[in-house]
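Grab a pencil and work through a few short exercises. Try each one yourself before reading the solution.

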Amino acid sequence: TDGAGAPYSNYAPSWHVCPAVADWRAHFAVLNARRNERRVGASGFYIDQFGFGYQYPCHRADHGHPVPSAQVAEEAAMIAAIRAALSPGQVIYSESAPADVGTQHQDGAFTEAVTAFRYDDRAAPVNLARFGLPDFKTFELLTQDAPLGGDSEGVQLAFFSGEGTRLMGYLEHDAWFEE
């Protein structure tokens, strides 16, 4: 819940589970991680809404954490539980790159580091975490549900940072990718 005790309304009517609740961590990790592997042969596990570390702090006093929760630590604990439930060789990615305490349990994440800083004169448009944590792989999201067009500079900046990119769209439509 938010600071007023109401459920979060972002992306409603979805639920945002408090990762500090041990029973929920166990349920999510064991049932979902192993079920995904068994049913669809998944070699990876994607955790949506994780990695940001700030947007869904829990304000429930009965969850056994300080109010509001320390979301960075709670997400790391949830990811550690998922890691323990996965088979060796399976990978974990989150929607955004977590704080360093969470990276130890993940293989990588999607990020908008280049996108966020490429037009900011105060910062270099380079994902410095890629150089500090080279085993943690990131994929730069240069666009969200929109054509990449001719953004060769964004692709070059991502590659300079040692990142991959997520390209989405239709190769046969010129609006998505310029030649």
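**Exercise 1.** Which elements do the buried residues of α6 pack against?

*Solution.* Keep in mind that this is a predicted model.

Step 1: find helix α6, which covers residues 152–160, and pick out its buried residues: Gly154, Val155, Leu157 and Ala158.

Step 2: look at how they sit around the axis. They span an arc of only 160 degrees, so they lie on the same side of α6. The background is simple: an α-helix has 3.6 residues a turn, so residues three or four places apart point the same way.

Step 3: see what that buried set touches. Its packing partners are α4 (113–117), β4 (137–140) and β5 (164–165).

**Exercise 2.** Which residues are exposed on the other side of α6, and what is the phi of Gly162 like, positive or negative?

*Solution.* Step 1: turn the helix around. Gln156, Phe159 and Phe160 are exposed there.

Step 2: walk off the end of the helix. Gly162 follows α6, and its phi is positive, near 75 degrees.

**Exercise 3.** In what order do the 5 strands of the open sheet come, and which are the edge strands?

*Solution.* Step 1: start with β1 (residues 44–47) and β2 (residues 91–94), which pair in the parallel sense over 4 bridges. One spot to check is Ile47, whose bridge partner in β2 is Ser94.

Step 2: move across to β3 (residues 108–111). β2 pairs with β3 over 2 bridges, again in the parallel sense. Here Tyr93 stands opposite Gly108 of β3.

Step 3: put the sheet together. The order is β1-β2-β3-β4-β5, with parallel pairing. β1 and β5 are the edge strands, since each pairs on one side only.

**Exercise 4.** Which helix joins β1 and β2 in a β-α-β unit, and is that unit right-handed or left-handed?

*Solution.* Step 1: look for the helix of the unit. It's α2, residues 71–85.

Step 2: follow the path from β1 over α2 to β2. The unit is right-handed.

**Exercise 5.** How many disulfides does the structure hold, and why is there no bond between Cys18 and Cys58?

*Solution.* Step 1: the count is 0 disulfides.

Step 2: check the distance. The closest cysteine sulfur to that of Cys18 belongs to Cys58, 3.8 Å away. A disulfide needs the two sulfur atoms within 2.5 Å, so this pair is too far for a bond.

Step 3: check the surroundings. Cys18 counts as buried at 8% relative accessibility, and Cys58 counts as buried at 4%.

Note on methods: Residues numbered from 1 in each chain as written. Predicted model: local features only at pLDDT ≥ 70, side-chain atom pairs only at ≥ 80, totals over all residues. Heavy atoms only, no water. Buried < 20%, exposed > 50% of the residue type's maximum accessible area, 1.4 Å probe, protein only. Pairing = 2+ DSSP bridges. Right-handed = clockwise from strand over helix to strand, strands pointing away. Arc of directions from axis to C-beta. Contact = heavy atoms within 4.5 Å.
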